[in-house]
Amino acid sequence: MSSLKFIPFAGVALKNLFRKPVTTSYPFAPAQYPERMRGHIEIDIESCISCGMCARSCPPGALTVDRAAGTWTIQRFDCVQCGNCVNVCPKKCLKMVPGYTTPDCTKHSDTYTRTTPLPKPAPRPAAKPAAAGTAAPAAPQAPAAKTE
Ligand code: SF4
Ligand code: SF4
C-alpha cells in the first residue's frame with residue numbers, strides 16, 4: 001500500500017530525466033541575464049561632450065565629469081541603477097548593460113578618458129549694426145494723467 005505513494009514521484013523523476021536543467025552552471029558557465037535587467041552603466045567616451053547633464057541628474061552623485069581633462073568617472077558602488085543618466089544624455093552615449101558590478105572589498109571608481117579633443121564651438125555671428133534711419137520703435141508712452 002505505501003509503495004503506491006511513490007508512483008506520482010516516480011513519474012516526475014522520469015520526466016526530469018529527459019528535460020533540460022532549469023539551473024545554470026554559473027560561475028563555470030556564463031550567467032544568463034534577463035533581457036531588461038538594469039545591470040551597470042557603460043559609456044562610449046568618444047561620443048561624450050562633457051556637458052555634465054548625467055552628473056547633475058544622478059541622485060546619489062555617483063558621476064563626475066571633468067570637461068578640461070575629458071574624463072567621465074563613475075563610482076560603481078554608489079550607482080543605484082536608476083537609469084536617469086541614460087535618459088538625459090543628449091549624445092546617447094550612455095547605456096544600461098546587463099551584468100552586475102564585480103564585487104570587491106573596497107569601493108572604487110572607473111574613469112574613462114576621451115582621446116579626441118572636443119570640437120571648438122563655432123564663433124557667434126557679429127551683431128549687425130542698426131542701419132541709419134531705422135531707429136528702434138519708441139517705447140509705449142504712459143497714459144496722460146487725469147486733470148479735473
Ligand atoms: S544609473 Fe542612476 S545612480 Fe547610476 S550613475 Fe546613472 S543616474 Fe547615477
Ligand atoms: S550627459 Fe552624456 S554627453 Fe553629457 S557628460 Fe554625461 S555622458 Fe557625456
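**A first walk through the chain**

Hello everyone, let's start with the overall layout: the secondary structure of this chain adds up to three helices and five strands. Please keep in mind as we go that this is a predicted model. If you trace the sequence from beginning to end, the elements come in the order α-β-α-β-β-α-β-β.

How much of the chain is buried? Of its 148 residues, 8% fall in that class. Now for the contacts. Taking those in the chain with a separation of 6 or more, 71% are between residues 24 or more positions apart.

Let me show you one residue up close, S109. You'll find S109 in strand β5, which covers residues 109-113. Is S109 buried or exposed? Here the answer sits in between: S109 has 13 C-beta neighbours inside 10 Å, and so it counts as partly exposed; the exposed class would need 12 or fewer, and the buried class 20 or more.

And which residues does S109 touch, once we set aside its neighbours within four places in sequence? Its contacts are T73, I74, Q75 and R76. Take I74 from that group: S109 and I74 are separated by 35 residues in sequence, yet from C-alpha to C-alpha they are 5.5 Å apart in space.

Last stop, ligand 2. What surrounds it? There are 15 residues around ligand 2, and the closest are C48, C51, M53, C54 and C89. Sorted by class, that shell around ligand 2 holds 12 nonpolar residues, two polar ones and one charged one.

That's my tour, thanks for listening!

Key:
Residues numbered from 1 in each chain as written. Chains lettered and ligands numbered in written order. Predicted model: local features only at pLDDT ≥ 70, side-chain atom pairs only at ≥ 80, totals over all residues. Near = placed C-beta within 6 Å. Nonpolar A, V, L, I, M, F, W, Y, C, P; charged D, E, K, R; others polar. Helix = DSSP H or I, 4+ residues; strand = E, 2+ residues; numbered from the N terminus. Contact = placed C-beta atoms within 7 Å.
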